[in-house]
Amino acid sequence: MITLRFTQALLKDMKVTPIEIDKADPLYSWHVNKHNLNNRKHIVFVNDLSRLCILIDGVRTNQINRLKEKFLQTLESYLTHEEINL
């Protein structure tokens, strides 16, 4: 199960409430933060174990489902491009 650990700023921006998770496998755990660049919001995902970074843009406030979908699509595309079997 993929665990996304949002920063407080991103939780507030996405208007979601956090769920406490005691333990998560570092391979499937991601820290997520937002960064504004040229007045556009970019979401940065960093894997806890590998430090792989994924950058996503085009997600607005309250679009948590779209954020999850874009993250999974981008991750799958990256792994396929690097020829890593899923």
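## Exercises on burial and contacts

Leu72 is located in helix α2. The model examined in these exercises is predicted.

**Exercise 1.** Determine whether Leu72 is buried, partly exposed or exposed, and identify the surface patch that contains Leu72.

*Solution.*
Step 1. The relative accessibility of Leu72 is 44%.
Step 2. Buried requires a value under 20% and exposed a value over 50%; Leu72 therefore counts as partly exposed.
Step 3. On the surface, Leu72 joins Ile2, Leu27, Tyr28 and Leu49 in a nonpolar patch. Together these residues have about 460 Å² of accessible area.

**Exercise 2.** Describe the largest nonpolar core: which members touch the most other members, and which element gives the most residues?

*Solution.*
Step 1. This core holds 16 residues, of which Phe6, Met14, Phe45, Ile54, Leu67 and Phe71 touch the most other members.
Step 2. Two or more residues come from each of α1 (8–14), β2 (29–37), β3 (40–47), β4 (53–57) and α2 (64–81).
Step 3. The greatest share is that of α2, with five residues.
Step 4. Leu67 illustrates the packing: beyond its neighbours within four places in sequence, Leu67 is in contact with Phe6, Met14, Ile43, Phe45, Ile56 and Val59.

**Exercise 3.** Characterise the surroundings of Ser29, giving its burial, its contacts and its side-chain polar partner.

*Solution.*
Step 1. Ser29 belongs to strand β2.
Step 2. Its relative accessible area is 1%, so Ser29 is buried.
Step 3. Not counting residues up to four places away in sequence, Ser29 touches Thr3, Arg5, Ala24, Val46, Asn47 and Asp48.
Step 4. With one of these residues, Asp48, there is also a polar contact between side chains, at 2.5 Å.
Step 5. Leu49 is 20 residues from Ser29 in sequence, and their C-alpha atoms are 7.8 Å apart.

**Exercise 4.** Thr3 is in contact with Ser29. State the element and the burial of Thr3, then list its other contacts.

*Solution.*
Step 1. Thr3 is part of strand β1 (residues 3–6).
Step 2. Thr3 is buried, because its relative accessible area of 6% is under 20%.
Step 3. Leaving aside neighbours within four places in sequence, Thr3 is in contact with Ile21, Ala24, Tyr28 and Trp30 as well as Ser29.

**Exercise 5.** Which polar groups does the side chain of Lys41 reach, and is Lys41 buried or exposed?

*Solution.*
Step 1. Lys41 sits in strand β3.
Step 2. Its relative accessibility is 16%, and Lys41 therefore counts as buried.
Step 3. The side chains of Lys41 and Asp13 are joined by a polar contact of 2.5 Å.
Step 4. The Lys41 side chain also reaches a backbone oxygen, that of Val59, at 3.4 Å.
Step 5. Apart from neighbours within four places in sequence, the contacts of Lys41 include Asp13, Met14, Lys34, His35, Ile56, Val59 and Arg60.

**Exercise 6.** Assess the burial of Leu11 and its contacts beyond four places in sequence.

*Solution.*
Step 1. Leu11 lies in α1.
Step 2. A relative accessibility of 11% places Leu11 among buried residues.
Step 3. Leaving aside neighbours within four places in sequence, its contacts are Phe6, Val16 and Pro18.
Step 4. The C-alpha atom of Leu11 is separated by 18 Å from that of Asn47, a residue 36 places apart along the chain.

Definitions and conventions:
Residues are numbered from 1 along each chain as its sequence is written. This is a predicted model: local features need pLDDT of at least 70, side-chain atom pairs count only at pLDDT 80 or more; totals for chains, interfaces and linings use all residues. Side-chain values use heavy atoms; hydrogens and water are left out. A nonpolar core is a set of buried Ala, Val, Leu, Ile, Met, Phe, Trp, Tyr and Cys residues joined through side-chain atoms within 4.5 Å. Buried means under 20% relative accessible area, exposed over 50%, partly exposed in between (1.4 Å probe, protein chains only). Helices (H or I, at least four residues) and strands (E, at least two) are DSSP runs, numbered from the N terminus. Contact means heavy atoms within 4.5 Å. Patches are made of residues with over 30% relative accessible area and no salt bridge: like charges are joined within 9 Å, nonpolar side chains (Val, Leu, Ile, Met, Phe, Trp, Tyr) within 5 Å. Accessible areas come from the Shrake-Rupley method with a 1.4 Å probe; for residues, only the protein chains shown count as cover. A salt bridge is a side-chain nitrogen of Lys or Arg within 4 Å of a carboxyl oxygen of Asp or Glu. A polar contact is a pair of N or O atoms within 3.5 Å; within protein, one must be able to donate a hydrogen and the other to accept it, and residues adjacent in sequence count only if both atoms are side-chain atoms.
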